[in-house]
Amino acid sequence: MKTKRGSGVSYAKYGYLFILPFFIVYTFFTLIPQLMTFYYSLFENYRDGLTQIGPNFVGLKNYVTLFSPDNTGSIGILKYFGNTLILWVMGAVPQVVIALLLAVFFTSYRMNLKGQQFFKTVIYMPNLIMAAAFAMLFSTLFSNVGPVKQVLLAHDLIDKSFDFLTMKVPVRVLIALMNFLMWFGNTTILLMAGIQGIDQNMFEAAEIDGANSLQVFFRVTLPLLAPILVYTVITAMIGGLQMFDVPQVLTNGKGTPNRASMTMVMYLNNFLTTSKNYGMAGAVSVVLFLVSTGLSLFVYNSLSSQYKDTAHKRDQI
Amino acid sequence: MKNKENNKGRIQLIIARTVAYIILIFLSFLCLFSFYMLIINSTRSNFQLQSGFTLLPKDHFFINLKNAWNDYSINIPRGMLNSFFIAACCSVLTTYFSALTAYGIHVYRFKLRRFAFYFIMAVMMIPPQVSAVGFIQLVYKLHLTNNYIPLIIPSIAAPVVFFYMKQYLESVLPMEMVEAARIDGSGEFYTFNHVVLPIMKPALAVQMIFSFVGSWNNYFIPALLLDKKELKTVPIMIAQLRSADYSKFDMGKVYMFILLAILPVMIVYIILSKAIIKGVTAGSVKG
Amino acid sequence: MKKLIALLLALVMVFALCACGAPKADSKTEGKVFNIYAWNEEFKGFFEKYYTVPEGVTVNWIITPSDNGAYQQKLDEALLNQASAAADDKVDLFLAEADYILKYVNSDATQDITKIGVTDFSNTYAYTVQAATDPNGVVKGVSFQCCPSALIYRRSIAQDVLGVSEPDEVQAKLDSWDKFNAVAADAKAKGYYMTASFAETYRPFSNNCTSAWVDADNKLQFDPQIEAWIAQTEDFIKNEYTLTAGIWDQEKNDQMFKDGKTMCFFGPAWYFNFCMGNAQDPEKGCSGDWAICEGPAAHFWGGTWLLAPAGTDNASMAADIMNTFINNEDVCSKLVSEENQFSNNQKVNAKFAEDPNYGNAFLGGQNDVALFSSMTSNIKWENHTIYDQLLNEGLQNNMQEFFKGQVDKETALKNFYNYVNETYPTIVTP
């Protein structure tokens, strides 16, 4: 890529031309509302019933409120950030690992699995069901009189007071499980498309050189898949930090119990629904934005430099 | 010697296959089970649904189908058509323009290139809830309610899809190919449309599926912007059934409609997932 | 180019003139488009059956499901833009529920209906008018239904626990909270639950509060009635007189089957006619084994009000609709006989109450209209605020965690305060 720098210069205007539509549309429909949100985080601006209060400039007051201890004595936003991270790790790590495994299964000529089209269709199906409907099904399955509890009770595996939908660990596990089920098929397809894009000659060459499947995976597939894998990890992270619909629907927006499954965006949503508190919501957004940008750029840079290194080494060999 | 190795390889392969099948069957079971419940629930009446869970279908399937189809407050075929139109437009626009933007940033060297890339990466982190409120107000000010424009046009700028395309290009597009096309006298847009896009087929298909599904299931923004009966989309109609008043409330209808709503997306998925596989042949050109 | 600009300017001016001229020219006749905002089709059904739309007027229903608060969000946006909206886009009538009606009644977005022609409230129930009256005594809307809520009990279980099953006799044994609590112990002794959800008794308490949720300084306060509910529930759960299920949970619904062990439920006509599916199940249900009485405290649940927005260009039609649904005896009778409603017209309801042939099969032939008619005068609409809906909901949600034993009472209350701070920034929490 480095060698091409010289020849690219005269085409620079095409660069601008190609990215123009994106930037025009983005600025108009998304950037302006977003900037307004950030701007309003410096204002007292909410509704009391139908009465609009503000906007009155209050400086950093919303941020101070956000980082002050709440009624329970803990700092809300830190707690919800912690919850979000826990829920994300519980769901996303298995999601990426399993998806990677399945993508390799599906694309491997040696494995040559039967019924691929069936499996590929089935694993993507949960993503087609709306989150709300999916949560509805889970609520029936795991309710206090639902079949799962009945079966476990019958085998004396749980106590009568055990309640999937209101106890801390079971609720978190259910949220993670639902997120996993809804998204692992999606990730598999992404990775599969990534592997399909890799030049088949590379695999053949590796096999001729006598590499076994593990070696092929670690030396050929993984490095060449790296850009897509970086994408997967980062979007899974962003998706995780923005986790909202599944815990919202499953816990009715309450984050049961004791707000232990309340995520950052659920917290943000609390300010938006009734009070239209753009001041506080804006402040939460800014914090969320800073955190996720920081994390993503860190992950992007560290992973990218890593795969660029390995790619470089491979070229040398 | 060679025979031995062959044997060892075969045993390994058998073990690997077995493990793969076990994992796949287990996961498929989990996925199918939720789907199965949806189907079972669509065969039960509202009162039967109130009594909780069952594994066996009841006899209400056609009654639910008839009730949902004839519900005068919703028009299922119309809703599906509306949703389909919006989702199809969104998925085409979002994949095409994201690929275009990604190509622009990947191939050309211009002053603002790094800025543009990091800008898009940064805005990707902003949760959609943040801009939703401002967006709604903007649409009201422009008097674009009851119009599909605010639901379709913004899909041109999708940072996440852009990022995918960019990463995909990075892993599959050799610059030599662009150079070769230029030497052949191909214009820049022609190169993009006729040389690069075919290579990106798997990526395009993947993102088309995702954005189609995303748009198909999108509820909140359309619910606030559309109120003409003939413009309503599937999720709005489902929500309408769910918030029906007590005398007309019928979960059987709701489950039936949810089931019906999944079918078109599944067809789109099956068609497009073929393109992912076909992409391999297109991709091999570059060798 | 200049010509083009001139042309544009001319066009703009013509438009501006039209826009200004329109209301003047039409000031005597009303708008041709009538916009009604609602969250479901209940009233639309009645409206289309029983109201004759004046010739030349198109009725436009803007129905937004209430999921995620979408209805109120949409309505608020429309009301706040009412002044600048084109005549045909203005809100001309909108619906609101008891839980949040004050948000609109106490604002300038609604107008005095006595000034547009709705003046006769002699037949409506007092609380339904109070609910639509602002602090200055101005009436802003009417309800087309009245929703007194009764104690719904299983006759067979009452017979077993109390030794009686007829409404009057049961009422005599359950007409105060002290009696109710004592009977709960008897029920438990016989292997029954008194109620199936901790939330069942919330409305009978909260409807009878002697103080509002917030005081004059907007400070959150707990009424003795709310405290009493918490104490009672704590006691009921400790002694297993009730279940920890929520009010719409399947666990509660299961108790409505024939083999259910729960004696009492609470709800208005719409609840037992339409929401007790398990009880009405032909195989596993127990239709006919039910009856209703007033219970320990008079209360109501639900109801839909029609409100007149300020700035409507169809004020007299809005008034006409309201009058039809509260004062047209023909229409009100049909609401009772055809639609299972308890109408908001005392005269009409009295007619059904006195009819010896009128009875509800689900309630073993009991005349529910008669009982509701006798109850309504005890229902109060006092000490409400614009915050009630979500404060009531939030309190129950957060206390449920305490009742289920996941957090202590202190933490549950503190979580409730957090919820209040996020939902209503103006309310001062302890």
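Biologist: In this predicted model, which residues of α5(B) meet which residues of α8(B)?

Modeller: On the α5(B) side they are B:Ile120, B:Met121, B:Val123 and B:Met124, and they meet B:Pro159, B:Val160, B:Phe162 and B:Phe163 in α8(B). Sorted by class, this contact has eight nonpolar residues, no polar ones and no charged ones.

Biologist: How do I describe the way two such helices lie against each other?

Modeller: Two packed helices are described by the angle between their axes and by the distance between those axes. Here the axes of α5(B) and α8(B) come within 9 Å and cross at roughly 130°.

Biologist: Why are α5(B) and α8(B) called oblique to each other?

Modeller: Angles over 145 degrees count as roughly antiparallel and 65 to 115 as roughly perpendicular. The crossing at roughly 130° fits neither range, so α5(B) and α8(B) are oblique to each other. As for handedness, their crossing is left-handed.

Biologist: Let me try a pair in chain A. At what angle do the axes of helix α4 and helix α8 of chain A cross?

Modeller: Helix α4 of chain A covers residues 76–107 and helix α8 of chain A covers residues 168–197; their axes cross at roughly 35° and come within 7 Å. This crossing of α4(A) and α8(A) is right-handed. Their contact has 19 nonpolar, seven polar and one charged residues.

Biologist: Now for whole chains. How many residues does each of chains A and B bring to their contact?

Modeller: Chain A brings 78 residues and chain B brings 76. On the side of chain B, the elements giving two or more residues include α1 (2–41), α4 (76–107) and α14 (251–283). The most comes from α1(B), with 14 residues. By class, that side of chain B has 54 nonpolar, 16 polar and six charged residues.

Biologist: And what does chain B bring to its contact with chain C?

Modeller: There, 20 residues of chain B are in contact with 26 residues of chain C. Elements α2 (46–50), α12 (220–225) and α13 (234–242) of chain B each supply at least two residues to this side. Its classes are eight nonpolar, eight polar and four charged residues.

Biologist: How is chain C divided into domains?

Modeller: The domain assignment gives domain 1 (31–146 + 302–354) and domain 2 (148–299 + 376–423). Over C-alpha atoms, the centres of these two domains of chain C are 29 Å apart. The contact joins 14 residues of domain 1 of chain C with 14 residues of domain 2 of chain C. On the domain 1 side, α5(C) gives the largest share, three residues.

Biologist: Which backbone details should I look for?

Modeller: Try cis peptide bonds. One joins A:Gly54 and A:Pro55, with omega about 0°, and A:Pro55 sits in strand β2 (residues 51–57) of chain A. Another runs from A:Thr256 to A:Pro257, with omega near -15°; A:Pro257 lies in the loop between α11 (245–250) and α12 (264–273) of chain A. Then look at phi: B:Asn146 is not a glycine, yet its phi is positive, about 55°. You will find B:Asn146 in the loop between α6 and α7 (149–152) of chain B.

Biologist: Last one: where in chain B does pLDDT stay under 50?

Modeller: That happens over residues 279–287 of chain B, for which the model has 19 contacts beyond four places in sequence. Chain B averages a pLDDT of 85, and 94% of its residues score at least 70.

Terms used. Residues numbered from 1 in each chain as written. Chains lettered and ligands numbered in written order. Predicted model: local features only at pLDDT ≥ 70, side-chain atom pairs only at ≥ 80, totals over all residues. Contact = placed C-beta atoms within 7 Å. Helix = DSSP H or I, 4+ residues; strand = E, 2+ residues; numbered from the N terminus. Nonpolar A, V, L, I, M, F, W, Y, C, P; charged D, E, K, R; others polar. Domains from an automatic or database assignment. Axes fitted to C-alpha atoms, helices over the stretch in contact; angles between N-to-C directions. Parallel < 35°, antiparallel > 145°, perpendicular 65-115°, else oblique. Left-handed = near helix turned anticlockwise from the far one by under 90°. pLDDT = per-residue confidence, 0-100.
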